[in-house]
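I opened the notebook for a pass through this entry. The plan is to take the disulfides, then the odd backbone spots, then the overall build.

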Amino acid sequence: MRRIALVLLAVSLALAGCTEKPGEKGEEGGRPEKVDGIPTSQGTHKQKLDVGTIGHREYLLHVPAKMADGKWQSGKPADPPALVIALHGGLADMSQMEKLTGFDRLSDEHGFLVAYPDGFMTTWNAGDCCGAAKIGHIDDVGFLGKLIDKVTGAGMADPKRVYVTGFSNGAGMAYRMACEKPGEIAAIGVVEGALVTKCDPGRPVSAMIFHGTADRNVPYDGGGNRDFNDSRPFPPVSRAVDFWRKVAGLPEPHERVKALSDGTNCESTGKSGRGVAVTFCKINGGTHRWPDEAGAMLWNFFATHPRT
């Protein structure tokens with residue numbers, strides 16, 4: 001009899017150990033451990049994404065405490081945050097982009113999600129650039145589109161507040177996403193990049209563009225080589241500024257925007273009736289680098305330009 005009692009006690013303890021903790025299944029008011037496989041705890045999580053080809057693609061996802069510790073309903077954030085996708089430059093990777101931009105700190109301060117995807121062999125297929133991703137005809141638009149669908153479809157981010165930013169080759173990829181996925185992206189942030197892809201977006205997208213006058217990799221006034229096997233010059237940054245403002249029917253940038261450092265002059269077109277704007281920041285003497293001020297200024301721009 002005593003043996004039977006001990007067995008029953010052991011079974012009950014085992015079952016108690018398997019009992020779900022509050023929130024693991026996302027009951028009302030509780031935060032689940034994961035939503036559709038996406039971790040919800042504070043911090044940066046390495047994720048894999050099936051893109052329908054051999055292998056998988058990877059990205060880092062930074063979840064701020066304001067989201068993790070915030071209000072949850074039916075296993076999802078009660079107020080889904082914005083999603084910022086930050087694309088590294090050529091010959092870099094997602095971890096380097098995380099360190100470069102300072103977006104983790106801004107995410108923790110303001111409560112938005114940040115995804116840092118990894119390119120193909122350190123490159124992005126931004127159209128006429130660059131490297132392995134271009135040569136291999138890698139479907140980076142498809143990859144990033146699936147990333148957006150995964151996070152917003154799980155209810156982890158607001159589909160009307162999805163923003164894509166990038167540096168250099170990643171900036172060119174941000175342009176391509178705006179060209180081919182304008183219905184999913186509210187705004188882009190471009191740092192030292194060029195528009196080198198066919199573009200017919202069909203609807204306007206807000207854009208904030210940073211470019212240094214002393215950039216030798218992607219020259220401010222155009223020039224250089226688009227890729228190691230393409231001697232055509234990069235177009236001047238003014239061409240991209242004009243393109244996006246004309247898509248939205250906006251005037252030339254004329255409204256002063258306060259920059260966070262000396263030597264940077266920013267001007268905006270002002271918002272259209274649909275809430276779209278283009279802001280251009282000229283960095284006098286700026287070289288091919290991510291400016292310290294870019295992260296904070298980009299978030300301020302994104303926060304005021306949701307998709308309508």
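Is C130 buried or exposed? I looked up its relative accessibility and got 13%, so C130 counts as buried. The cut-off I'm using for buried is under 20% relative accessible area. Note to self before going on: this is a predicted model.

**Entry: C129 and C130**

I checked the partner next. C129 comes out at 5% relative accessibility, so C129 counts as buried too. The model has a disulfide between C129 and C130, with S to S at 1.3 Å. I wrote down the torsion about that S-S bond as about 50 degrees, so this disulfide is right-handed. Then I looked at the backbone here: the peptide bond that joins C129 and C130 is cis, with omega about 20 degrees. For location, I find C130 in the loop between β8 (113-117) and α5 (131-135).

**Entry: C179 and C199**

How many disulfides does the structure hold? I get three. Another of them joins C179 to C199, and I read S to S as 2.0 Å. C179 sits in helix α7 (residues 169-180), while C199 is in the loop between β10 (187-191) and β11 (206-212), so this pair ties together parts that are 20 residues apart in sequence. The torsion about the S-S bond of C179 and C199 is about -105 degrees, so I logged the disulfide as left-handed. I looked up burial for both ends: C179 is buried, and C199 is buried as well.

**Entry: C266 and C281**

I moved on to the disulfide from C266 to C281, where S to S is 2.1 Å. C266 belongs to strand β13 (residues 264-268) and C281 to strand β14 (residues 278-283), so the link ties together parts that are 15 residues apart in sequence. Its S-S torsion is about 115 degrees, so I put it down as right-handed. I found C266 at 0% relative accessibility, so C266 counts as buried. C281 is buried with a relative accessible area of 0%.

What pattern do the disulfides follow when I count bonded cysteines along the chain? I get 1-2, 3-4, 5-6.

**Entry: positive phi**

I went looking for residues other than glycine with positive phi and noted H137, at about 50 degrees. H137 is in the loop between α5 and α6 (140-153). Its relative accessible area is 68%, so I have H137 as exposed; the cut-off for exposed is over 50%.

I also noted S168, which is not a glycine and has a positive phi near 55 degrees. Where is S168? I find S168 in the loop between β9 (162-167) and α7. S168 has a relative accessible area of 16%, so I put it down as buried.

**Entry: nonpolar cores**

Which residues have the most contacts inside the largest nonpolar core? I list L113, V151, M156, I188 and W244, in a core of 52 residues. The element that gives the most to this core is α7, with seven residues. I pulled the neighbours of I188, leaving out residues up to four places away in sequence; among them are V164, A174, Y175, A178, F301 and F302. I188 also touches V205, S206, A207 and M208. I then found a second, separate core of 29 residues, which includes M94, F103, I283 and W290.

**Entry: whole protein**

I tallied the secondary structure of the protein as nine helices and 14 strands. The C-alpha atoms fill a box of roughly 90 × 40 × 35 Å along the principal axes. Of the 308 residues in the protein, 54% are buried.

For contacts with a separation of 6 or more, I get 62% from residues 24 or more positions apart. The accessible surface comes to about 14,400 Å², and carbon and sulfur atoms hold 51% of that. Last lookup, charges: I have 36 positive and 36 negative side chains, with the centres of the two sets 3 Å apart.

Terms used:
Residues are numbered from 1 along each chain as its sequence is written. This is a predicted model: local features need pLDDT of at least 70, side-chain atom pairs count only at pLDDT 80 or more; totals for chains, interfaces and linings use all residues. Side-chain values use heavy atoms; hydrogens and water are left out. A disulfide is a pair of cysteine sulfur atoms within 2.5 Å. Buried means under 20% relative accessible area, exposed over 50%, partly exposed in between (1.4 Å probe, protein chains only). Helices (H or I, at least four residues) and strands (E, at least two) are DSSP runs, numbered from the N terminus. Contact means heavy atoms within 4.5 Å. Accessible areas come from the Shrake-Rupley method with a 1.4 Å probe; for residues, only the protein chains shown count as cover. Lys and Arg count as positive and Asp and Glu as negative; His and the chain ends are not counted. The place of a charge is taken as NZ of Lys, CZ of Arg, CG of Asp or CD of Glu. A nonpolar core is a set of buried Ala, Val, Leu, Ile, Met, Phe, Trp, Tyr and Cys residues joined through side-chain atoms within 4.5 Å.
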